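The following note sets out several points for discussion, arranged by topic. Please read it alongside the sequence and the coordinates.

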Amino acid sequence: GVFAPPVEGADHQEVEDMVSGEGSMETRSMKVQRMKSGLSSPSADNLPRCMSESELGVAEPKDVAESCGRFVARTLPLGWPTVLRRHAAMAATYPRRATSQTSNHTVMPSLNFHDRKKMSLAATEWTSRDSHRTIPTCVIDPNSAFHLAYTCISMLVLLYDLTVTPFLLAWNIRYTGFFYVMLLASPAFWSMDIVFNFFTGVYRGGQLVTDLASIRWWYCRTWFAPDAAVVVSDWVGVVMEIIIGDTPNGSRSLKLLRFTKLGRLLRILVIVRLFRAVRIVEDWASRYVSEGGNLVFKLCYLASGIMFAAHLLACLWFVQGISGISDTGGRWVERAFVQVGSEAIPFLATGIFHQYCTSLSWAAAQIALASIDMMPTNSLERLFFITCMMCGFLFGSTLVSTLAAAMMDYQMMKKDKTVKMRTLRQYLRENCVETHVAMAVRKQAELRLAEREPLNEKDVLALQLLSKSLRSHLRFEIQRPYLLKHAMFQLWTRLDLKLMHRVCTKAISVVRLQKRDEMFAPGTAAKAAHTLMSGEMVYTQYPDSSPVQDEESTAVSAGAWLCEAILWLEWIHVGRAEALTHCSLLEVNFEALSGCLLQSGAIRDITVDYACQFHKRVVSACPPHAPWPNDLVVPFTDYCDLVVAMSPSNQIMIGNEALSLLADKTIRGGKALEKLAAEVRSSKSIVVACGNGAVIRVVSLVALRIEDTSGNVLVQVGKYDGTEIHTKCQLPGQKQERDELVSDTVDRLFNNLFPSLPEKLEFLGTTRETTENLSKQYGVQTRYLRSICGARMLPGEELGAPRCARSRTTYIGRDISVHVESTASTLLEELRVADVFAIRVGQNGCANLYAWLPPAMVAKLSSASGEAALHAWLSKLIVPELAPHTESSAGEDEQSGVDFWTM
């Protein structure tokens, strides 16, 4: 069982004072320390009593400590954690399913994994981008990185077309060099873009459409006609430009020149792509611009719009002056001069850059309603002038109103903070708060008001417009990266994705903490479990509220779970959790979670079994076999630990789900995977999928590390099968069976091997070692969970087992000619002085051989020379006749040691 010494030196009144909190703080602290002194050093005279199942109210633990009268901390109930009970929903019994081949949903039929790859795995497959469907290979995901890169390239080509093309057409610049390359590349790119759009998914009604027929029909109804018209005009203009470029100037007819002007005029349709640029910019803004940068984005967006409008007006104004129809015989470009000293240079005689800057200044003046020095000289120019003036008036007023609205929003945000601080100062002044306290309150309030809090779902009113299914899917996508780090949540997701959508909607919410906010306090009843999404927290345990001798603090980083125990049983906080930075946490309500999970038969069985095993480890978590539990860690409740202890039917179901993740992978040609699947179906192997998605095989072992007063360790050095001795250097141990705690396995070890030894030992505690190795047989990682129970022989006590006699001439088994090297000879000389004890196992005269050896010697015996020395040493022993153990059970000779050594 679990050792839990009674409180020494404390009467009943002192215990009541500790629980109720009466008396002075100093008195309580002294009493707590004195009463806890009995917990640190259990004595042989005060062995624990085992509480009956009827006293506990639960049937899971076989042996638990006496709960009545055991004091742990003044904020915890007497007998904590033994008195903690499972939730009513999790305590419901359920039928244990048999592992026969007739169980349809727990037993995987015998199948070939190459054929399984052709079967539908929709029940266990889920993707990170769309959990309802898989995007076909031929369809381009609009949320993919490839589409983002393509959109960036499209934006660059758009900027070239919208800025350079009007300039080239207005000033009639020949396409040479880079301009000629872009003349051909731009239409080619947009022609390819039309094909590209026929294969790009679109959003309709908030849902991503990935059906090719629907995508093509939608594109043809919306943007195909404008895109096709612009591309056709581009190619016509390119053809005209090539024809004119290849025709000598002298042979160009008037009709050909007019046709060329028509081709260039068609290229003006490139302006239609302005709407494409607007769509791209707005999409980027909705995806990547935060609320805080929205004002800056609006200003940059407006400034860019103003510059493009001025650029386009400048090109149109110059074209009007060069090629426009004149009813007066004059044009503004002909009456414009540049005064240089006493000389007036005609405007058309200046360079192209000066002409463009002059036209741009006129366009900017129209937008800003400023004065200009270039006036229209004919009716068409004057009409164009009036039109631009009116558009500039509307554009300018719109710009001013937009900027005023943005600045007003900013001022309203500042006003809200100002009003709050004014009200706070008034409150502090009216209540005559001390200056140093008031200053601390004001500084913290100012700091928190200056920081922007993330939006919660209730703050986004547009989410109320969504359908319930889409809202639940949105919640799942937000919470999925954090929940699926827990292997149990990942298993639920693979078994029933829609169920997890309901869980995310009904049982899980987001909690925000600011710096120095308290998550929970010691001694309070837990209400929900939490997992840290972002930020840093600190968890602190105090001597007067938890089973620690000194104050202990533990850093809590993102991904950690706090108070997971509340999901499975009643729980009282034993420490204090405080935020060090701004933190976001997922809060899991255990009542709503139970209501969702227990609706599904398969998930209900696994969940109840998981809760049962978790509860057994909580109520048994007492020294020396386990450390005390807290809000962060409950000993031996790792997912693999709990699955090892589950019922065979649940292990088979969990193993099948884990193997389904490997079904589409080729491991050793599939034969190793089929062999592993057969062992899972027959309950010989346990396979699980961890929180990181890795599939592993799990083996749980328990060993004893017993030291004598000289520091030597009790090691099994061999095994006698009735005729000869087989060498084996290992700690005494056994494989942990289903539905067993570590303490149960330790008790079984003592009952089978050393029935009278526990009374001679002082137990030091249990440690856990976890190692992983690649299994050559199955081709998957095998995780070994090794629990090592440490103990020390009491002074004056002995093992109490018969010793093996030494013989100089007699060999057991076949004759052995030992030829050992010098190292082995040295080890053999050291081993000769050690006694070997024989302990009967089984009913066939078999025995395990044990010896007290120094730790350094045991490490040496693991080498090749050490094995030779060990074999030579044991071959000269005579195993005595042994009486059978009455406590030993048949078959225990198969599991009497653990093949590992640890210090």
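**Notes on packing and burial**

1. Beyond its neighbours within four places in sequence, Val688 is in contact with Tyr639, Cys640, Val643, Ile654, Ala658, Ala694, Val695, Ile696 and Val698. This contact list is drawn from a predicted model, and it should be read as such.

2. Val688 also belongs to the largest nonpolar core, which has 75 residues. Val688 is listed there with Trp492, Met537, Trp568, Trp571, Phe614 and Tyr639 as the residues having the most contacts inside this core. Helix H20 (residues 601-619) gives the most to the core, contributing 6 residues. A second core, separate from this one, has 29 residues and includes Tyr160, Trp171, Ile173 and Trp317.

3. Two of the contacts of Val688, Ile654 and Ala658, are among the buried residues of helix H22. In H22, 12 of the 13 residues are buried, and the helix is thus described as mostly covered. Besides Ile654 and Ala658, the buried set comprises Ser649, Asn650, Gln651, Ile652, Met653, Gly655, Asn656, Glu657, Leu659 and Ser660; polar side chains such as Asn650, Gln651 and Glu657 are therefore included under the cut-off of 20% relative accessible area.

4. The geometry of H22 (residues 648-660) is in agreement with expectation: at 1.5 Å a residue, its 13 residues should span 18 Å, and the end C-alpha atoms are 18 Å apart.

5. Aromatic residues recur in this account. The structure holds 31 aromatic pairs. One of them joins Trp362 and Phe384, whose ring centres are 6.1 Å apart and whose planes meet at 15°, so the pair is stacked. The pair links distant parts of the chain, with Trp362 in helix H13 (residues 352-368) and Phe384 in helix H14 (residues 379-430), 22 residues apart. Trp362 is buried at a relative accessible area of 0%; Phe384 is buried as well, at 19%, and the limit for that class is under 20%.

6. One aromatic cluster is formed by Phe489, Trp492, Trp561, Trp568, Tyr610, Phe614 and Tyr639. Trp492, Trp568, Phe614 and Tyr639 also appear among the residues with the most contacts inside the largest nonpolar core.

7. How many disulfides does the model contain? The count comes to 0, with a pair of cysteine sulfur atoms required to lie within 2.5 Å. Cys152 is partly exposed, with a relative accessible area of 34%, and Cys220 likewise counts as partly exposed, at 40%.

Definitions and conventions. Residues are numbered from 1 along each chain as its sequence is written. This is a predicted model: local features need pLDDT of at least 70, side-chain atom pairs count only at pLDDT 80 or more; totals for chains, interfaces and linings use all residues. Side-chain values use heavy atoms; hydrogens and water are left out. Rings of Phe, Tyr and Trp (its six-membered ring) pair if their centres lie within 6.5 Å; planes under 30 degrees apart count as stacked, over 60 as edge-to-face and the rest as tilted. Helices (H or I, at least four residues) and strands (E, at least two) are DSSP runs, numbered from the N terminus. Buried means under 20% relative accessible area, exposed over 50%, partly exposed in between (1.4 Å probe, protein chains only). A nonpolar core is a set of buried Ala, Val, Leu, Ile, Met, Phe, Trp, Tyr and Cys residues joined through side-chain atoms within 4.5 Å. Contact means heavy atoms within 4.5 Å. The expected span of a helix is 1.5 Å times one less than its number of residues.
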